[in-house]
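Q: Please take a close look at one helix in this structure. Then show me what lies around it and elsewhere.

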Amino acid sequence: MYEQKKTNTNTASSSETDVIALIDAMMQKKLRQDHAGDVDADGKPHMPRDAHPKSHGLVRAEFIVEANLPAAYRVGVFSEARTFPAWIRYSNGAPEPAPDKKNDVRGMAIKLMGVPGEKVLTDEKNALTQDFLLCNHPVFFIRNVADYAAFLSAASGGNPLPFFIGLRPLRFRFHEAKVLIQALLKKIASPLAIRYWSQTPYRLGGSAVKYSVRPSAGYELSPRIVSAVPTTDANYLRRRMAAELAEDDVCLDFMVQLQGSAMPVEDPTILWDERSAPFRKVATIRIHRQDFDLPEIDRKAEDMSFTPWHTLPEHEPLGGINRTRRVVYESISRLRHTVNGVPRQEPAE
Ligand code: HEM
């Protein structure tokens, strides 16, 4: 499998490296332009994340790996039945925080703790964390590194439309526009009540895989909470999550999809069809009843860094969009931690 690129050649070409450097520079410049002088409630410098700055909450969880998985799945953190403590940060994707009712993509960032083994990032090779990043749509809206640069360049003028429909009709990007619109139009009841996908692929031993998370059977959102917290509340997603977790635990299924035929690694806009490549549950995420809606937890969420590259080599991110993320997540995280005067380190607990 792995047509287009073999997993063992998941390194950027020199031209791709140049484009990724350009993307990184554009993103850093934009973040400085928009937020260099921002301060928090105490008047201290506060530079937010470039993407997904609005957090609905950071919650503690347990990641319980299933026993007796088939051999193809028994790799890295899934290699044996065990339980990892975890943090999960739920977010809105838009670069500027807005009322939750506004169309947006929603993020779920999982950080497993106490994961042994050398990690991929040289500077953080001794970290004990393994991250998984997901959004609430199965596919990403940009195919490759060059297109990401073109999108950023159009968006920097304030209007990304020319990226989708420019001067040359033969190069209209209708497919990408459709993916973005479908992702943005989803109405959600609660961050805990919806399905998420990794969108981009990852290595799993000799295979390429994608991940997905969905509520476990029997953990549906109560209609009582929906009616108690109306969507007119600007932060209704946080309020509903807080109400759910004040009452009971929530369980989610963490699932893996093995790559099938005609399922590209290098183009995350193409859906890996579940009918021919079904997802298989490999772990349960249990979010215990808790109060996360506290200033100190929000501070911790702000200071954390999630990246798909916080990983064991067995789960290495694949494809050009992920290779871009290797550079960008680290540099944006470094920038905001430096401006905020906060040490950048993986949490110990
Ligand atoms: C080239 C493509 C992408 C770029 C350049 C990009 C960039 C970023 C950046 C700069 C951050 C903030 C990092 C920080 O300051 O700590 C971020 C956060 C995030 N991104 Fe991406 N992203 C890309 C693609 C994706 C894709 C395909 C997904 C799908 C799962 C995704 C999901 C997320 C999530 C969930 C967060 C929030 C993480 C958190 O809670 O801290 N991104 N992204």
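A: The answer starts with helix α6, then turns to the core, the ligand and two backbone angles.

This is a predicted model, where local features need pLDDT of at least 70, side-chain atom pairs count only at pLDDT 80 or more, and totals for chains, interfaces and linings use all residues. Residues are numbered from 1 along each chain as its sequence is written.

Helices (H or I, at least four residues) and strands (E, at least two) are DSSP runs, numbered from the N terminus. Helix α6 covers residues 236-247. The expected span of a helix is 1.5 Å times one less than its number of residues. The twelve residues of α6 should therefore span 16 Å, and the end C-alpha atoms are 17 Å apart, which agrees.

Is α6 mostly covered or uncovered? Mostly covered: nine of its twelve residues are buried. Buried means that 20 or more other C-beta atoms lie within 10 Å of the residue's own; exposed means 12 or fewer, and partly exposed is in between, with C-beta atoms placed from the backbone. The buried residues of α6 are Y236, L237, R238, R239, R240, M241, A242, E244 and L245. They pack against β1 (54-65), β2, α5 (223-228), β8 (250-258) and β9 (279-287). Contact means C-beta atoms, placed from the backbone, within 7 Å.

Next, the core. A nonpolar core is a set of buried Ala, Val, Leu, Ile, Met, Phe, Trp, Tyr and Cys residues joined through C-beta atoms within 7 Å. The largest one has 78 residues. F63, I88, L134 and F254 have the most contacts inside it. Not counting residues up to four places away in sequence, I88 touches V59, A61, M108, A109, I110 and I287.

Now the ligand. A residue is near it if its C-beta atom, placed from the backbone, lies within 6 Å. The ligand is surrounded by 26 residues, and the closest are A51, H52, R89, G107 and A109. β2 (83-92), β3 (106-112), β4 (130-135) and α8 (320-340) each supply at least two shell residues. α8 gives the most, with eight.

H52 sits in the loop between α1 (14-35) and β1. Its phi is near 55 degrees, a positive value in a residue other than glycine. Most residues other than glycine have a negative phi. H52 counts as buried because it has 23 C-beta neighbours inside 10 Å.

A262 lies in the loop between β8 and β9. Its phi is near 60 degrees, also positive in a residue other than glycine. A262 counts as exposed, because it has 12 C-beta neighbours inside 10 Å.

Key:
Two residues are in contact if their C-beta atoms, placed from the backbone, lie within 7 Å.
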